[in-house]
Amino acid sequence: MSNSYDIIDHTYDAVVVGAGGAGLRATLGMTAAGLKTACITKVFPTRSHTVAAQGGIGASLGNMAEDSWQWHMYDTVKGSDWLGDQDAIEYMCREAVPAVHELEHFGVPFSRTAEGKIYQRPFGGHMRNYGEAPVQRACAAADRTGHAILHTLYQQSLKHDAEFFVEYFALDLILDDDGTCRGVVAWNLDDGTIHRFRAQTTVLATGGYGRAYFSCTSAHTCTGDGNGMAARIGLPLQDHEFIQFHPTGMYGSGCLITEGARGEGGYLTNSEGERFMERYAPTAKDLASRDVVSRAMTVEIREGRGVGGGNDHIFLHLEHLGGDLLNQRLPGITESAKIFTGVDASRDPIPVLPTVHYNMGGIPTNFHGEVLRPTAEDPDAVQPGLMAIGECACASVHGANRLGTNSLLDIVVFGRAAALKAKEIFTPGATQKPLPKDSADRALGRLDRLRHANGSRLTADIRLDLQRTMQRDAAVFRTSDSLKEGVENVDRVAATLPDIKVNDRSLIWNSDLVEALELENLMACAKASIVSAEARKESRGAHAHEDFPNRDDENWMKHSLAWIDDDGKVSLTYRPVHTWTLTDEVDYIEPKERVY
């Protein structure tokens, strides 16, 4: 197969796939450490999905009120519904303050208090004194925090002379005969050439797979590419059943309205004008964690208290905050609300509906960013030569439900952690042995198969079938019947993949072929999600199983591992949750009832 395509070879110390916040922070850190680093990205770096993050990055700076990283850790463990690994959570929350100060020094233009300190706003699930009351912990750059961080990290990466391969689509990972990851094969969309990157370490930072659903806040580029590549080399996908619905997607379009809107004083009402969250979360109210608010909204709609002609959505009120505050602290969503819903947020409520937002699961890693290949004897065994960070990875700091602001924190902290680990274990310029002669065959075989696919079904039609199936059968609330049907329905959609039709046979800017390749990645993610969900007989975090309404720590406090074979069949194993901390500064937080 490799003889059919001209291949351009590259050798680097490190190759990072993805140029969102996680990929850029790793690229910056590895380049600054002296490692020759390439960053491969299918979109221009500042178009990566981190640019859409709005409300803030969590860190216990204490600029607005007393705070501590121990409180932040408690909130994260509680938010995860005790499925998060507490060693990784401690690491993230301890590193949050220096990580934000580092971003400030890099040049992130945070909003400021009158004293000139970084402005912080309240966010869902973030509380003071171990759940007592909401605390202001989200460090914000108005409502464009991800945009500010992404641009700053890109500028810093350029300052350190990182090498970017922009608009290259990563096809597959390269494995050595002994199972070590040796690099990646990528396709240059601009001129149609194939590139083989050899490296001491390959870092997957490819983002989430929100586009497996019909309605989501994710960019169209969020297609689980890293997850698909990992599954195809025989690695498991961990905790894919836990998919977060954001409470406030704009009704109709699914575009995100940051939780920061409620942090600034916004609130939700039903058709009776009632602020209903007081019934579901008496203490945190509208600032309860996202899974709690999303389920409350869904219950209100199911019980006939939705608003609008179809009684099928909820109102978010910001009009009482006034135009000046909205323009100062929430300018982006004020503009977006007008464009996508036709509402002037300073005068009228915004129609909202829970929408798929974040994937808690992903490629299993430790808190250094090293990918795991778990075995029965060693559930923390490391996959040589491969790292994963950001939303495509599962450290697991988010467990069954992620707190708002912890995603931006995750990408910065673990992007830096991966760079530190790479600096520790790899030598700049070290000699690398030759790649196996057939190292590109798997990737090129897949590319060639889809490039010449001449079935009867268009990529868009198969993708729509998948998205509608996931939206219906793996939604905010799940039942044994819906999940069982979901497994069968996803299998039925997957069975149509061999009948795919790609009209464009070229290699230059062939978006038809790109979408077909992305669809295979989405299918792997969806299969892992629905099979893992059907097997989990409990309710925990974002996995709300109506036939098993309680959390079952005795039987289900464990990570799901979905292994996908070459025929697309999914088999499940499990690995234990880490019930220890890194230091004696904090004790293991024992499970208890999760209420807000």
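Which residue follows H10, and what is its phi like? Hi everyone, let's start right there. The residue after helix H10 is Gly342, and its phi is positive, near 75°. Before I go on, please keep in mind that what we are looking at is a predicted model.

Let's stay with H10 for a moment. This helix covers residues 331-341, and its buried residues are Pro331, Gly332, Ile333, Thr334, Ala337 and Thr341. What covers them? The list includes two helices, H6 (260-263) and H9 (323-329), along with two strands, E11 (243-250) and E14 (350-359).

Strand E14 takes us to some strand pairing. E14 and E13 run antiparallel and are joined by three bridges. If you want to find one of those on your screen, look for Ile314, whose bridge partner in E14 is Val352. E13, residues 314-317, also pairs with strand E12, residues 267-269, again in the antiparallel sense and over three bridges. There, Leu268 has Leu316 of E13 as its bridge partner.

Now for a sheet elsewhere in the chain. It is an open sheet of three strands, in the order E10-E23-E24, with antiparallel pairing. Which strands stand at its edges? They are E10 (237-238) and E24 (570-576); each has a single partner strand, so one side of each is left without a neighbour in the sheet. E10 pairs with E23, residues 558-564, over two bridges, and Gln238 stands opposite Leu561 in E23.

Lying across E10, E23 and E24 is helix H15, residues 511-535, which runs at about 65° to E24. H15 also meets another helix, H5, residues 225-232: their axes come within 8 Å and cross at roughly 75°. That angle makes H5 roughly perpendicular to H15. On the H5 side, the contact is made by Asp225, Asn227, Gly228, Met229 and Arg232, and on the H15 side by Glu518, Asn521 and Cys525.

Let's turn to the aromatic rings. How many aromatic pairs are there? The count comes to 13. Take Tyr91 and Phe367: their ring centres are 5.1 Å apart and their planes are at 35°, so this pair is tilted. Tyr91 is in helix H3 (residues 86-106), while Phe367 is in the loop between strands E15 (363-364) and E16 (370-372), so the pair ties together parts that are 276 residues apart in sequence. Are these two rings on buried or exposed residues? Tyr91 is buried, with a relative accessible area of 15%, and Phe367 is buried with a relative accessible area of 15% too.

Here is another pair, Tyr154 and Phe164. Their ring centres are 5.3 Å apart and the planes are at 75°, so we call this one edge-to-face. Tyr154 belongs to helix H4 (residues 145-159) and Phe164 to strand E6 (residues 163-166), so this pair ties together parts that are ten residues apart in sequence. Both Tyr154 and Phe164 are buried. There is also an aromatic cluster to look for, formed by Tyr12, Phe165, Tyr168 and Phe197.

I'll end with rings that have a charge over them. The charged end of Arg94 sits over the ring of Trp69, 5.1 Å from its centre. Lys558 has its charged end over the ring of Tyr574, 4.4 Å from the ring centre. Thanks for listening, everyone!

Note on methods:
Residues are numbered from 1 along each chain as its sequence is written. This is a predicted model: local features need pLDDT of at least 70, side-chain atom pairs count only at pLDDT 80 or more; totals for chains, interfaces and linings use all residues. Side-chain values use heavy atoms; hydrogens and water are left out. Buried means under 20% relative accessible area, exposed over 50%, partly exposed in between (1.4 Å probe, protein chains only). Helices (H or I, at least four residues) and strands (E, at least two) are DSSP runs, numbered from the N terminus. Contact means heavy atoms within 4.5 Å. Rings of Phe, Tyr and Trp (its six-membered ring) pair if their centres lie within 6.5 Å; planes under 30 degrees apart count as stacked, over 60 as edge-to-face and the rest as tilted. A charge sits over a ring if NZ of Lys or CZ of Arg is within 6 Å of the ring centre and within 35 degrees of the ring normal. Two strands pair if DSSP finds at least two bridges between them. Axes are lines fitted to C-alpha atoms, for helices over the stretch in contact, and angles run from 0 to 180 degrees between N-to-C directions. Angles under 35 degrees count as roughly parallel, over 145 as roughly antiparallel, 65 to 115 as roughly perpendicular and the rest as oblique.
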